[in-house]
Amino acid sequence: ITFNPSPSGGTWSCPGIDSSGNYTPALGSNPTTATYVYSDGVCIVTQTASIDVFSTPTIALNNPSGICVNNSTTTLNASPIGGTWTVNGNATVVNGVLVPNGPETITLFYSIAGQCPASANQTIQIYPLPSINAGPDVAHCQGQSISITATGGSTYVWSPSVGLNTDSGSTVVASVIGPTAYTVTGTDNNG
């Protein structure tokens, strides 16, 4: 902050202010009074100004670095609360929840208004869903077992578990008496 008193040529009295009227605020010194004294050799003029110093908020963002495109329940976290979210990308923010609109890399911006505005940003990767394949339909004779293998993910959960040697893993062994339809849910390394 620079004070430009009129007439110039006087002296300042205030911590943090130099002889040119340049003021460097210090936190925790509210309010501060700057005193300016001018003398023309005959008359002395004294003026004061009250200075309030506000701190700029430090923003902390605590959000995941990546989410899957079908995850519309990611509540965004920032401190201090009360700011505004905006997105550079096709995703939106609705009531503090990130809503993806397709796979992409987005940048979130969080802004705090007030005496000393502040902002921060964070990049988040929105991953596509994995393409999970349970393989072709198979037939086998009663009393025999058959292996079924899923692909496209890193972990798998099979259901129902009836007739299976396990309900997890890419390959399961089915030993069933009658027709059974199995569903496999796969997850890739992105979660």
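A trainee and a mentor talk over the fold, shape and cores of the protein above.

Trainee: What kind of model is this, and what needs pLDDT of at least 70?
Mentor: This is a predicted model, where local features need pLDDT of at least 70, side-chain atom pairs count only at pLDDT 80 or more, and totals for chains, interfaces and linings use all residues. Residues are numbered from 1 along each chain as its sequence is written, and side-chain values use heavy atoms, leaving out hydrogens and water.

Trainee: Okay, how many helices and strands?
Mentor: Zero helices and 16 strands, counted as DSSP runs from the N terminus (H or I, at least four residues, for helices; E, at least two, for strands).

Trainee: And what does the C-alpha trace span?
Mentor: About 115 × 25 × 25 Å along the principal axes.

Trainee: Switching topic, what share of the residues is buried?
Mentor: Buried residues are 26% of the 191; buried means under 20% relative accessible area with a 1.4 Å probe, protein chains only.

Trainee: Which residues have the most contacts inside the largest nonpolar core?
Mentor: I59, W85, L98, I106, L108 and Y110, in a core of 15 residues. β11 (104-112) and β12 (118-127) each supply at least two of its residues. Such a core is a set of buried Ala, Val, Leu, Ile, Met, Phe, Trp, Tyr and Cys residues joined through side-chain atoms within 4.5 Å.

Trainee: Which other residues does L98 contact?
Mentor: Leaving aside neighbours within four places in sequence, the partners of L98 include I67, L76, V93, I106, L108 and I124, with contact meaning heavy atoms within 4.5 Å.

Trainee: What does the second core include?
Mentor: That separate core of ten residues includes I148, A150, Y156 and Y182.

Key
Buried means under 20% relative accessible area, exposed over 50%, partly exposed in between (1.4 Å probe, protein chains only).
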